[in-house]
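Please walk through this chain with the sequence and the coordinates open side by side. The paragraphs below start from its cysteines and end with backbone geometry.

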Amino acid sequence: MAVIKPKPNASSPKCRASSSLVALTSAALALPGLMPLPSQAAFEGGEFDFQYGRYQEGGGTKSQFRDKDNDIQVDSLQASGEIDLSDRLTFRANFIQDTWVGATPLTTAPAAAIKFNPNAETGASAFTDLKGGIVDYNTRTGEGQATIPNTFDTVTTNETVHVMAEASPETRKQGDFRMGYEWDEAALNVGGGISLEDDYDSRYVSLGGRWDFNQKLTTLTGGVSYTDSTIDVRRFRFRATSVPVDAEGGINPDFPDWSVRLHDGRTDIGASLGLTQVLDKNSTFRASFGYNHNSGFLSNPYKEATFLTPLDIPGKAWLFTRYDKRPEERNQFTWSAGYTRYLAGLDAGLHFNYSFFHDDWGINAHTFDASWGQPVGGGWIITPRVRYYSQSAADFYSPFFIASQEPLSLAEILPNQSQLPTPEYFSSDHRLSAFGALSGGVTVSKQFAKGVTLEAGFEYYTHASSLKLGGGGVGDFADFNYFLANALLKVDLSALTYAGGGHDHAGGHDGHSDFAPAGVMFSHMLGAAGEFMVGYRYQYSREGGDMLHGTQATDDLTIVNNACRDRPCQLTSAGMNMHMHMLNLMYAPTDWLNLMLMPMFMDMNMDLRKLEGAPPIDPEAVGGHFHAADSGGHETGGVGDTQLFALVKLFASPQHHLHLGLGVSAPTGDVGIKVEGQEVNESSPDFGKPLFIHYGMQLGSGTWDLLPNLTYTGSMDRWSWGGQLSGTVRLESENSSGFAFGDIFQATAWGGYSLFKWLSASVRGIYTTQGTIRNQFNGPDPQSAPVDFPENYGGRFWDVGFGLNASTLGGGLKGNRLSIEWVQPVRNDVNGFQLEREGSLFVTWGLGF
């Protein structure tokens with residue numbers, strides 16, 4: 001099945017995913033087939049996969065001009081749901097969410113071209129701008145005068161360095177589906193999908209098939225795909241050389257490619273053909289061929305290339321930059337072969353694979369990999385693997401470019417900057433350079449119950465010029481390392497039987513009602529020792545509409561003058577969306593005690609707008625938030641806090657149930673996320689530093705938190721009801737970023753009615769109070785909008801919820817439960833100035849066995 005790939009040539013200030021991330025993010029989520037069905041449902045079964053991965057890039061060759069590693073971090077949430085609609089027809093739907101952030105190369109240049117600002121505490125460290133204009137560099141000898149960061153010393157050097165950029169978090173979401181039909185000796189599947197991110201959207205369709213013949217000893221596979229993509233980019237308004245670009249997207253006649261805005265498209269057509277041959281009872285051979293044709297805008301819209309033209313002044317050159325420019329067409333070919341051997345004496349599987357890649361950009365690549373799958377008893381399998389990769393450089397790649405060896409005078413250059421010579425195509429993206437890579441890893445899997453498998457993997461990767469096959473790499477300035485860790489939960493739905501024998505309208509675990517609304521956590525317990533439950537929870541919350549002060553809407557001028565302490569506000573929130581994904585694992589060691597583990601994945605986006613009546617921005621007082629007003633807002637996402645709970649049964653009868661929950665929230669969510677905008681006041685000690693993103697867009701609390709709750713549920717005939725008191729108590733006065741969120745108390749009560757044996761409806765009321773943030777960030781933050789100030793958080797809130805709860809009663813999906821609830825705000829009484837809440841959606845799925 002074809003999978004939409006993130007744009008492979010986008011990695012600079014937006015921190016684009018590498019090819020390894022593309023491999024990491026080839027799975028996806030959906031919960032199809034969990035809709036409420038009567039007992040005569042025809043579903044035969046299916047499976048559910050949930051996977052989390054972490055990609056962390058770093059390392060690289062340190063030097064006196066570069067004391068900062070690559071620092072790219074990618075969190076990937078992947079899940080998939082598959083349903084066998086019949087013994088021949090299968091439907092699969094997928095969802096992927098990637099969030100990446102970090103420091104990544106913007107361009108590459110001689111160390112002599114790095115601009116040094118003595119007012120910045122951190123010095124140049126290759127995170128500052130290029131000098132631009134006249135530089136001390138000899139284009140013939142390749143040497144120049146460079147300043148050593150954190151000193152005023154200069155040296156003559158020919159060293160090349162990456163010029164780095166700090167990137168704001170960005171999230172990509174992908175959804176796709178596949179419908180497949182199988183005959184006795186053939187199969188056909190059709191699929192489609194969409195991938196969305198802030199500046200790049202893709203839509204694709206695919207068709208694939210399989211044909212078995214030669215008594216099923218030979219299998220032929222093939223497929224075609226078509227992808228249409230739209231690139232809509234808004235670049236940061238300063239280039240690597242610190243020359244401002246027209247923020248409204250106009251063209252500067254001296255610099256024709258310097259527009260902030262870029263809108264273009266590309267298409268990708270792919271075809272593949274594969275053959276698998278069973279050689280004997282213990283071995284198989286595989287061979288395949290793949291072709292991809294790419295056309296349209298194939299450049300990286302954020303990368304820049306550095307050009308140097310010699311001046312008629314000895315030892316001096318004129319430096320300028322241009323945005324990455326690649327051919328608008330690319331043809332890619334991949335040939336691969338693999339061999340698998342089962343070693344009966346060791347009960348192990350050995351896999352060898354080789355692939356050769358060629359394209360008309362001049363890149364040739366070889367990949368060798370091998371793995372060993374070894375069962376070790378008790379349902380455990382250990383699979384070590386090793387991989388080697390080597391590629392040649394693209395024809396138009398260079399770390400930087402010498403525009404001409406003919407010296408020019410400033411009088412010739414200044415009026416003709418748009419005419420300075422450049423090649424037809426050029427790029428300094430190090431992924432198009434010549435390099436080699438070596439990686440090794442191990443995967444450990446364990447089948448814990450019938451149909452349930454947990455898997456964990458780790459891989460370490462080294463990218464180095466010196467590892468290129470045959471030598472000739474680009475140089476060690478582009479070296480880096482990364483690790484990739486992932487965890488996978490796989491549930492075979494058709495292999496499970498529900499321990500409780502299915503739900504009825506007043507039944508469930510331990511006889512009490514299981515039909516609490518989706519937004520209520522910890523509403524039920526497993527009733528018997530040894531039972532296990534796996535579940536998934538999704539929450540979407542939206543803020544928008546009016547800005548509130550207490551209970552009343554307020555106008556822009558009031559916000560300007562009162563919401564940002566002793567300075568005028570420049571911006572305010574226009575809207576905020578929050579998505580939360582949580583995996584719920586519950587186990588009952590006894591009939592009175594349940595243990596729960598709940599990892600969480602978050603992503604958020606906030607739109608900002610300029611306040612009417614705000615005075616002009618004072619760059620001496622406020623820096624770094626200009627980009628927010630220009631770009632419209634921020635995104636963030638990744639791992640949230642992890643909750644661990646114990647539920648203790650206090651009382652149970654057929655109609656009434658009472659239990660106590662005691663839990664802690666571990667601070668696994670990042671509270672140090674920063675945005676790519678930097679302090680631009682060169683006299684500030686924080687010059688060049690990225691700024692903290694708003695408190696409410698950090699991924700966790702950053703503190704250890706106590707989470708007590710008390711829950712009562714009851715039922716009679718078709719009716720069910722319940723109530724819960726819960727709280728969040730911060731156990732620390734501040735986190736690593738210097739602040740702590742306020743404590744939370746919530747009281748809720750609900751009532752439900754069973755419409756059918758498999759479906760019930762509920763209504764509930766909720767009251768929540770939350771304190772203001774204590775302390776504040778211990779580093780630079782924008783302080784230009786209400787969300788930048790701790791006193792503008794928390795308050796008292798009243799809500800009402802409307803829900804539906806369903807369970808499948810028979811067939812291959814017996815025991816699955818799906819609940820949905822919409823929570824509508826009724827009254828807000830906010831602390832300080834805050835955006836109005838518009839509502840929350842909760843969706844939960846659970847399966848016990």
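A disulfide is a pair of cysteine sulfur atoms within 2.5 Å. By that criterion, a search of the whole structure, which is a predicted model, finds one disulfide. Its partners are C564 and C569, with sulfur atoms 1.8 Å apart. The torsion about the S-S bond of C564 and C569 is about 105 degrees, so this disulfide is right-handed. Both C564 and C569 are buried.

The overall make-up of the chain comes next. It has four helices and 41 strands. Of its 849 residues, 54% count as buried. Among contacts between residues at least 6 apart in sequence, 72% join residues at least 24 apart.

The nonpolar interior can be taken core by core. The largest nonpolar core has 37 residues, and those with the most contacts inside it are F522, M596, M598, F645, L647 and Y695. Two or more residues of this core come from each of strand 25 (571-587), strand 26 (593-598), strand 27 (600-610), strand 29 (642-652) and strand 32 (690-692). Strand 25 supplies the largest share of the core, six residues. What does M598 touch, not counting residues up to four places away in sequence? The list is M521, F522, M582, L583, N584, D641, T642, Q643 and F645. Apart from the core to which M598 belongs lies another core, of 22 residues, including V74, I363, L432 and F480.

Empty space inside the protein is a separate matter. Rolling a probe the size of a water molecule over the atoms shows where such space is left. The count comes to 10 cavities of 30 Å³ or more. The second largest cavity has a volume of about 310 Å³. It is lined by 24 residues, of which H524, R537, N584, R817 and T844 are the closest to its centre. The elements that give two or more residues to this lining are strand 23, strand 25, strand 26, strand 40 (816-830) and strand 41 (833-848). Strand 23 gives the most to the lining of the second largest cavity, with four residues. N584 therefore appears twice in this account: N584 is in contact with M598 under the 4.5 Å cut-off, and N584 is also among the residues closest to the centre of the second largest cavity.

Two loops adjoin strands that line this cavity. A528 lies in the loop between strand 22 (480-492) and strand 23 (532-549). Is A528 buried, exposed or in between, and which value decides it? At 31% relative accessibility, A528 counts as partly exposed, because that class covers values between the 20% limit for buried and the 50% limit for exposed. A528 and W592 are 64 residues apart in sequence, yet their C-alpha atoms are 8.1 Å apart in space. Leaving aside neighbours within four places in sequence, A528 is in contact with A588 and D591.

The other loop, between strand 40 and strand 41, holds N831. With a relative accessible area of 14%, N831 falls under the 20% limit and is therefore buried. Setting aside residues up to four places away in sequence, N831 touches Q770, G771, T772, E791, N792, Y793, G794, G795 and R796.

T748 offers a case within a strand, strand 36 (residues 744-756). Its relative accessible area is 7%, so T748 is buried. The side chain of T748 makes a polar contact with the side chain of R764, at 2.9 Å. Beyond its neighbours within four places in sequence, T748 is in contact with G723, Q724, R764, G765 and I766.

Backbone geometry closes the account, with two residues that have a positive phi although neither is a glycine. For Q215, phi is about 60 degrees. Q215 sits in the loop between strand 9 (200-213) and strand 10 (218-234). A relative accessible area of 73% means that Q215 is exposed. For N775, phi is about 65 degrees. N775 is found in strand 38 (residues 774-775), and N775 is partly exposed, with a relative accessible area of 44%.

How values were computed:
Residues are numbered from 1 along each chain as its sequence is written. This is a predicted model: local features need pLDDT of at least 70, side-chain atom pairs count only at pLDDT 80 or more; totals for chains, interfaces and linings use all residues. Side-chain values use heavy atoms; hydrogens and water are left out. Buried means under 20% relative accessible area, exposed over 50%, partly exposed in between (1.4 Å probe, protein chains only). A polar contact is a pair of N or O atoms within 3.5 Å; within protein, one must be able to donate a hydrogen and the other to accept it, and residues adjacent in sequence count only if both atoms are side-chain atoms. A nonpolar core is a set of buried Ala, Val, Leu, Ile, Met, Phe, Trp, Tyr and Cys residues joined through side-chain atoms within 4.5 Å. On a 1 Å grid over the protein atoms alone, a cavity is a set of points where a 1.4 Å probe fits but cannot get out, and a pocket is an open set with protein on both sides within 12 Å along at least five of seven lines; lining residues have an atom within 4 Å of a point. Grid points are joined across faces, edges and corners, and a volume is the space filled by probe spheres set on the points.
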